[in-house]
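Colleague: I would like to go through how a sheet and a helix are read from a model. Please take them in turn.

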Amino acid sequence: MVDVLRVVGLTKDDVRNEGNLQWQIADSEWGGINQTPEQFAPALILLSQQQIRTMIDVGTWSAWTAAFYACYLRRFEPTLHIDTIDRREERSAEVRNDPELTLLPITYHVFDTLKHKEHIGAADFAQIDAGHSYLEAKNDWTCYGLHSRCVFFHDVNDVPINQRYRDRGEMTCYHLWQELKASPPVGKRAVELFQHPSGKALMGIGLLLPG
Ligand SMILES: C[S@@+](CC[C@H](N)C(=O)[O-])C[C@H]1O[C@@H](n2cnc3c(N)ncnc32)[C@H](O)[C@@H]1O
């Protein structure tokens with residue numbers, strides 16, 4: 001699975017891809033999977049066992065990650081549908097308008113989750129990866145994660161992102177994850193996928209799973 005993700009290609013990010021630089025989509029931060037293969041692969045394998053038929057993806061970005069989820073998860077649940085949300089739509093235009101990728105079971109929503117509380121409902125799986133301040137991540141957790149069966153938080157172990165907010169005196173998704181890990185919602189367990197080929201604290205996935 002790590003190799004599959006690498007061959008699909010990673011978002012251009014020389015800091016977070018240290019150790020995987022040769023797998024970046026050349027010079028494009030709008031293409032590629034914006035995840036660390038060594039973290040994302042075990043998350044995908046755990047999720048494949050969770051009967052995921054509905055997913056809410058908060059933070060579409062280029063939609064490469066959503067497209068990959070659609071291809072992967074529907075192998076396990078053919079009726080899978082993904083709702084993906086972003087306040088900006090231009091970055092996902094390539095995937096949305098591609099003649100083949102447009103056939104994937106993905107509905108694109110364009111709104112700001114802090115301003116517009118559109119009700120999409122609880123899902124089997126929610127990915128929270130939009131704003132990374134504590135308040136933004138908590139808003140998205142409350143609106144989309146709290147009632148979903150499985151929840152994925154991204155960048156909860158990313159020192160550069162967290163430092164940027166700390167310099168401004170703000171808490172981040174790291175702090176939200178620490179709270180949830182210390183006291184997971186009833187019936188959920190917390191899993192951390194923090195391994196990184198650089199040996200550094202970069203990206204980092206926190207998963208809440210049933211059990
Ligand atoms: C780190 S990127 C998401 C990466 C994506 N999950 C992936 O794996 O490729 C964060 C995205 O969240 C969006 N975003 C940030 N704050 C938002 C908000 N309040 N409402 C909606 N989208 C937001 C940004 O426009 C950006 O595209």
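Modeller: What follows covers the sheet, then one helix. This is a predicted model, in which local features need pLDDT of at least 70, side-chain atom pairs count only at pLDDT 80 or more, and totals for chains, interfaces and linings use all residues. Residues are numbered from 1 along each chain as its sequence is written, and side-chain values use heavy atoms, with hydrogens and water left out.

Colleague: What is the order of the strands in the open sheet?

Modeller: Strands of a sheet pair through backbone hydrogen bonds, either parallel or antiparallel. Strands here are DSSP E runs of at least two residues, and helices are H or I runs of at least four, numbered from the N terminus; two strands pair if DSSP finds at least two bridges between them. The seven strands are ordered β3-β2-β1-β4-β5-β7-β6, with mixed pairing. β3 (106-110) and β6 (188-193) each have a single partner strand, so one side of each lacks a neighbour in the sheet.

Colleague: How many bridges join β2 to β3?

Modeller: Five, and the two strands run parallel. I82 stands opposite I106 in β3.

Colleague: Which residues of α6 are buried?

Modeller: Buried means under 20% relative accessible area with a 1.4 Å probe, protein chains only. In α6 (residues 159-167), these are I161, N162 and Y165. They fall within an arc of 95° seen down the axis, taken from the directions from the helix axis to the C-beta atoms, so they line one face of the helix. Their cover includes α5 (134-145) and α7 (173-182).

Colleague: What follows just after α6?

Modeller: G169, with a positive phi of about 75°.

Terms used
Buried means under 20% relative accessible area, exposed over 50%, partly exposed in between (1.4 Å probe, protein chains only). Contact means heavy atoms within 4.5 Å.
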